[in-house]
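This report describes the interior of one protein chain. Please look at the sequence and the structure before reading on.

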Amino acid sequence: MPSQDFDLDELAAYLHLNPSQVEKLAGRDDIPGRKVAGKWKFSRAEIHHWLEHRIGVFDEQELVRVEGVLDRHGKHEEPVVIGDMLHENTIKIPLTSRSPRKVVTEICELGTAAGYLWDAPQMIEAVLTRENMHSTALDNGVALLHPRRPMPTILAEGFLAMGRTYQGIPFGGSRGILTDVFFLICSIDDPSHLRTLARLSRIINDNKLLSAIREADHGDDVLQLIRDREDEL
């Protein structure tokens, strides 16, 4: 089994940075790490969560770079294709719920009805626990729902679900911004989760696409919009 920690050189190779750059980031507390016997150590789990948080605020250029990093480390894996992970029967317009718990419940139940999620209550509680730690709501009115760690034992396969409310609801976003577009990310492991998150973040980092999604009335229209946008990347 791999070590639960990166050393300085391993993390630099993982992030495609120079060791001196990583050391500088760690010294400024810009990346989670600790010194053991005078040498830097970095928890793999903490680095995973650090990357997850950073992806949510990256601009397009940074998203391209981080997606490249993750794809290079996942070179033996199948490429992440959002248009294949999202399905017409895992999209619901409108979501009728008006509270965070009910929205999460409604979108998780899409996965159960489609046969991809075997234990909706467990996923619902895991997603809500993650939201209570730090909201996944972004400033563009989109939330990228997911549990803190992948839950492969209750999934038939990795998949995405998506829903839109007709009116935005308070979902913990910054500056009181309301959220009306919700994606549920259900991955089978940490690497595929990060790759999916990075890919999806690039797709939704497009105001024209989000406007079209907000005007769409049917799941098949949303799916085609996302596939078309993904083809442009």
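## Cores of the chain

Leucine 11 is in contact (heavy atoms within 4.5 Å) with Phe6, Val22, Ile31, Phe42 and Ile47, leaving aside its neighbours within four places in sequence. The model is predicted: local features need pLDDT of at least 70, side-chain atom pairs count only at pLDDT 80 or more, and totals for chains, interfaces and linings use all residues. Residues are numbered from 1 along each chain as its sequence is written, and side-chain values use heavy atoms, with hydrogens and water left out.

A nonpolar core is a set of buried Ala, Val, Leu, Ile, Met, Phe, Trp, Tyr and Cys residues joined through side-chain atoms within 4.5 Å; buried means under 20% relative accessible area, with a 1.4 Å probe and protein chains only. Two such cores are listed here.

| Core | Residues in the core | Residues among its members |
|---|---|---|
| Largest nonpolar core | 43 residues | Leu11, Ile31, Phe42, Leu144 and Phe183, those with the most contacts inside it |
| Another core, apart from the largest | 27 residues | Ile107, Ala120, Ile154 and Ile169, among others |

Helix H8 (residues 190-204) gives the largest share of the 43-residue core, namely six residues; helices are DSSP runs (H or I) of at least four residues, numbered from the N terminus. Because domain 1 (5-56) and domain 2 (82-232) both give residues to the largest core, this core lies between them; the domain bounds come from an automatic or database domain assignment.

For the chain as a whole, 49% of the 233 residues are buried.

Key. Buried < 20%, exposed > 50% of the residue type's maximum accessible area, 1.4 Å probe, protein only. Helix = DSSP H or I, 4+ residues; strand = E, 2+ residues; numbered from the N terminus.
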